[in-house]
Amino acid sequence: MTTTKQTNNIIKNDDDDDDDGQQLLLDLNLNFRSATSDDIPHCFEIESASYPSDEAATLESLTNRQKYAGEYFILCTTTTTTTITKAKQILGFICGTRCNEFTEESMSEHDKDGRLLAIHSVVIDEQYRRKGIASKMLKRYVQDIIIQEEVLQQQQHHQQQQQQQKEPSSSQPPPIESIVFIAKQNLLGFYVRCGFRVNGTSQIVHGKELWYDLERELQPTITAAVKIKTIGNIRTHPHSDESWFCKTEKFIRPFPEVKPYLEEHKKWVDNLRQTQNICIVSGYRVDEQGKPGGGGLMFVAAKSYKDAYELVSNNDPLIVNKCVDWELNGWIGQVGDISIE
């Protein structure tokens, strides 16, 4: 259990769509990634400018949430340049920590084995509100948590099969059962539309207003998915209507700046393999001494060059965050056969 010194642990923002907002949402190229320590000052600016001082998270709270529960601190960004986004690329963020009881005291610490994921903030920069971005960000956040939990349980299931154990490995955290948070009355309809249930008025006191407990249970969905999907179903060959495409790349930013996005890239590839049935493999080239430095190499099976290009260019964290100089080529095997696993 890690203390995060959090006192502002409440969900805080929502938006609804309008016609102009829908058009902006179509024009923006939205991306989602984990926050880094360098992002926190900007997140704090958005938070402080949006809410009363007795509700807004402190810089220390946001810093600790990113430090101790970074996998649950997600940014919504854009690489599209408009009159609004020209100077800013972070549109909003969601952060949370795990706990076993939904109380203000328990939410002041991050328990990596907690059965609940308590969302602390759902924040959209003021100039981007009522444009459909918050709902898209929240739904993506929940989807990523579900995928993360599915992959974790699949890995545990695979370990159990290998080790012939009835209990999950103690090295793996238990699954998240529910996502929980509190919200004000005027925002309840928005969160219900995003798939959450209102459990009633909250016992948590935060600022001067009344809050309501909300919840979305995950365990039944995850359990059902694990029964259907197993590690053995990961594809290692293209379908008959697919071809191989090869992405080569070299870093164009210093490695300390690239490292967090490299971890995001690995998670992205693993999610494609585990949950979307995409045949893909990624790695890096090394020299004669086994040291990296030759650049990255990734193979992906797709029905067309366009499909492969859109998948990679719009979603690969290394590309989205301008970490690499890259190119994509089709690959046609001529001699021999190999299974890429």
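**Exercise 1. Place helix H2 against the sheet.**
Task: Which strands does helix H2 (residues 40–50) lie across, and at what angle does it run to S6?

Solution.
- Helix H2 lies across strand S3 (73–78), strand S4 (90–99) and S6.
- Its direction is at about 75° to S6.
- The model is a predicted one.

**Exercise 2. Lay out the sheet.**
Task: What is the strand order of the open sheet of 7 strands, and which strands stand at its edges?

Solution.
- Start with the order: S2-S3-S4-S6-S7-S9-S8, with mixed pairing.
- Now take the edges. Strand S2 (30–34) and strand S8 (197–201) each have a single partner strand, so one side of each lacks a neighbour in the sheet.
- Add the twist. From one strand to the next it averages 25°.

**Exercise 3. Examine one strand pair.**
Task: In which sense do strand S7 (residues 178–183) and strand S9 (residues 212–217) pair, parallel or antiparallel?

Solution.
- Recall the two options: strands of a sheet pair through backbone hydrogen bonds, either parallel or antiparallel.
- S7 and S9 take the antiparallel sense, over 6 bridges.
- For a register point, use Val180, which stands opposite Glu215 in S9.

**Exercise 4. Classify two aromatic pairs.**
Task: The structure holds 9 aromatic pairs. Which geometry does the pair Trp244 and Phe299 have, stacked or edge-to-face? Which does Tyr305 and Tyr309 have?

Solution.
- Two quantities are needed: a pair of aromatic rings is described by the distance of the centres and the angle of the planes.
- For Trp244 and Phe299, the centres are 6.1 Å apart and the planes stand at 85°. Planes over 60 degrees apart count as edge-to-face, so this pair is edge-to-face.
- This pair links distant parts of the chain. Trp244 is in strand S10 (residues 243–251) and Phe299 in strand S12 (residues 292–302), 55 residues apart. Both residues are buried.
- For Tyr305 and Tyr309, the centre-to-centre distance is 6.1 Å, with 20° between the planes. The pair is stacked.
- Both tyrosines lie in helix H8 (residues 305–315), 4 residues apart, about one turn of the helix.
- Check exposure. Tyr305 has 40% relative accessibility, so it counts as partly exposed. Tyr309, at 37%, is also partly exposed.

**Exercise 5. Find positive phi outside glycine.**
Task: Where in the fold do Arg130 and Lys322 lie? What are their phi values?

Solution.
- Arg130 sits in the loop between strand S6 (116–124) and helix H4 (133–163). Its phi is near 60°. Its relative accessible area is 46%, so Arg130 is partly exposed.
- Lys322 is in the loop between helix H9 (317–320) and strand S13 (324–331). Its phi is about 55°.

Notes
Residues are numbered from 1 along each chain as its sequence is written. This is a predicted model: local features need pLDDT of at least 70, side-chain atom pairs count only at pLDDT 80 or more; totals for chains, interfaces and linings use all residues. Side-chain values use heavy atoms; hydrogens and water are left out. Helices (H or I, at least four residues) and strands (E, at least two) are DSSP runs, numbered from the N terminus. Buried means under 20% relative accessible area, exposed over 50%, partly exposed in between (1.4 Å probe, protein chains only). Rings of Phe, Tyr and Trp (its six-membered ring) pair if their centres lie within 6.5 Å; planes under 30 degrees apart count as stacked, over 60 as edge-to-face and the rest as tilted. Two strands pair if DSSP finds at least two bridges between them. Axes are lines fitted to C-alpha atoms, for helices over the stretch in contact, and angles run from 0 to 180 degrees between N-to-C directions. Contact means heavy atoms within 4.5 Å.
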